[in-house]
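Me: Please take a close look at one position in this chain and the helix that holds it. Then work outward to the parts around it and the rest of the fold. Keep it brisk.

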Amino acid sequence: MSLQSFGNVQMSNQIQPDQRELPWQLCRAVQKQWRACVLLALLVLISFGMAVQFDFVNWDDPWYVIQNPLIKSWHPENLQKVATQVVTRNYAPLTVFSFLLDHSVYGLWAGGYHLTNILLHLVNVVLVFLLITRLTQNRMLGWATAAVFAIHPVQVETVVWISSRKGLLSGAFILASLWYWLRKDRTLEQNTCGFLCFICALLSKALAVVVPAIVFCYDYWVAKVPFREAVKKQVFPGCCALLLLVITMLAQTSELGGVRDHFGMSKLELISVDSVIMSKYVQMLLWPGTRSVLYDPPTSGIIWNVTISVVCWLVAAILFVRMGKREPLILFAGATFILLLIPVLNLFPITTLMNDRYLYLPSVPFFALIFAGTMQLLERLRDRILVSVLPKKSRSGYFLPAVFGVLVLAMLTRFSWQTEHYLTIWRDGLTLWQYTSTQVPEIPVVQIQLANSYHSQGDSERAVSILRHALKQTEPDALDRERMQQKILEWSRVK
């Protein structure tokens, strides 16, 4: 399988590199591909446009926006706090600053914040198209990857959840930095622009700490830069990433929220569970089923699942290394998928084992590989099976893009329907937690959030009833049990 070899499949899809392209001319790249970019923009707006009518949800939105004093003043002292303070266990000053901008324009109209999220996702979709197209020199492959990235149902949480702004903003800067850095010959200007985008990504979300490792893999495997030189290039970005990682770890001072059954597990146990979760992620990307804002993957009694998953991942690693000797982009894409998942595999403890939003950027190299493999199979089918059926001109000019286009269209149709169905679940907090309580009723925090939703609607009696039932039917730990009991006492007095 080759990611670059598809450039000669269809000459109309071939992209010739522009050696005159300067790093500040990202807009020029969009201008050159404006028709494809317009189609992608329409795809995003049609798929997610209705979210502008949605409200805030009681899942971090109160702390990031509604009750956050940092986003309500442009006073120099407040701006200093924006740059230095931690919000909901995350140091993400650029994300908080984006909420300050939104609040200055929209106040507390939730639709404005949703609109900003949608536009950021649109920017990311265009960046994915430009990046994959330039790396593979194939416009068809780049557009298909960007289109699926745009509307896949696992993206709903990242795009529609206002508090997930940090993933969208950091994603934009990560993709922009990679657009500048993933080149065999980088100029000083390109290195500078890539570094500035990388710093902005770090200040948006800690996920960006993996960017130096991704660029190193590209330099060493694809650009064939000597090992020591490739390492030297990433020393300073790596130190910046390490500093941000330390700040983020120090900010994780609270254990409230999410699912915390894994907190007492050893690193080996976590890696075992992660191998199963990563297999589920592959399944979610290929054949997404029912979505949920929280999942409760089993962490015990899964020895056979762990064994099968570990064997599969070892076999996949061997295959990728072997194929990577011939086509380094394949090995690079596989490594990028893993690297983008590493920060969310709980090697550094976080309060959830598994989420849809963790697949936002990893879905890019995943689908690039899937579509590259599909095009390779179709190319072989055209050359070997249809050699006696179609004239040579038809085989080279029409068969592959036509069949590939039909397959991509079928995939987009299915994903679009699933995205539209799940999107409406996020219209407000009560709808979200009513739905989630039907998917994972055993998670205590789900019942707490459902009770909070009813209480905010003025139905304290029902909220208390939900919490009392949850104390009996779920297995809350000491922290959640204490929260439930405090709320029951407080709301019972009000009632």
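Reply: I330 has 1% relative accessibility, under the 20% cut-off, so it counts as buried. The model is predicted, so read every value here as computed from that prediction. I330 sits in helix α16. Where does its long-range partner lie in sequence, and how far off is it in space? The partner is V222, 108 residues away in sequence and 9.5 Å away in space, C-alpha to C-alpha.

V222 leads to the next stop. Helix α11 covers 211-222, and the loop between α11 and α12 (227-233) holds K224. K224 has a phi near 60°, a positive value in a residue other than glycine. Most residues other than glycine have a negative phi. K224 counts as exposed, because its relative accessibility is 58% and the cut-off is over 50%.

Now go back to α16, which covers 328-341, and step off its end. I342 is in the loop between α16 and α17 (363-384). Is I342 buried, exposed or in between? At 33% relative accessibility, I342 counts as partly exposed. I342 also has a partner far along the chain. D274 is 68 residues from I342 in sequence, yet the two C-alpha atoms are 9.7 Å apart.

D274 belongs to helix α14. It counts as buried, because its relative accessibility is 4%. Leaving aside residues up to four places away in sequence, D274 touches L345 and L347.

How long is α14 (residues 267-286) against expectation? Its 20 residues should span 28 Å at 1.5 Å a residue, and its end C-alpha atoms are 28 Å apart, so the two agree. D274 has buried company in this helix. Next to it in sequence, V273 and S275 are buried too. Other buried residues of α14 include L270, V276, I277, M278, Y281, M284 and L285.

Compare that with α21 (residues 460-473). This helix has 14 residues and reaches 20 Å from its first C-alpha to its last, close to the 20 Å expected. Its buried residues are S460, A463, V464, I466, L467, A470 and L471. Why do they share one side of α21? They cover an arc of only 160° around the axis, which puts them on the same side. An α-helix has 3.6 residues a turn, so residues three or four places apart point the same way. The face of α21 turned away from the buried side carries the exposed residues E461, K472 and Q473.

Next come two helix pairs. Two packed helices are described by the angle between their axes and the distance between the axes.

Take α2 (residues 34-48) and α7 (residues 139-151). Their axes come within 9 Å and cross at roughly 15°. Angles under 35 degrees count as roughly parallel, so α2 and α7 are roughly parallel to each other. The crossing of α2 past α7 is right-handed. From α2, the residues in contact are A36, L39, L40, L43, V44, S47 and F48. They meet W143, A146, A147, A150 and I151 of α7.

The loop leading from α6 (110-136) to α7 contains Q137. Q137 is not a glycine, but its phi is positive, at about 60°. Is Q137 buried or exposed? Q137 counts as buried, because 19% relative accessibility falls under the 20% cut-off. K224 has a positive phi as well, but K224 counts as exposed.

The second pair is α5 (residues 93-106) and α9 (residues 165-181). They pack at an angle of about 110°, with their axes 9 Å apart. That makes α5 roughly perpendicular to α9. Here too the crossing is right-handed, with α5 passing α9. On the α5 side, L94, T95, S98, F99 and D102 make the contacts. On the α9 side, R165, K166, L169 and F173 meet them.

Last, the whole chain. It has 22 helices and zero strands. Of its 495 residues, 55% count as buried. Contacts between residues at least 6 apart in sequence were also sorted by separation. Among them, 77% join residues at least 24 apart. I330 is one of the buried positions, and the 9.5 Å between its C-alpha and that of V222 spans 108 residues of sequence.

Conventions
Residues numbered from 1 in each chain as written. Predicted model: local features only at pLDDT ≥ 70, side-chain atom pairs only at ≥ 80, totals over all residues. Heavy atoms only, no water. Helix = DSSP H or I, 4+ residues; strand = E, 2+ residues; numbered from the N terminus. Expected span 1.5 Å × (residues − 1). Buried < 20%, exposed > 50% of the residue type's maximum accessible area, 1.4 Å probe, protein only. Arc of directions from axis to C-beta. Axes fitted to C-alpha atoms, helices over the stretch in contact; angles between N-to-C directions. Parallel < 35°, antiparallel > 145°, perpendicular 65-115°, else oblique. Left-handed = near helix turned anticlockwise from the far one by under 90°. Contact = heavy atoms within 4.5 Å.
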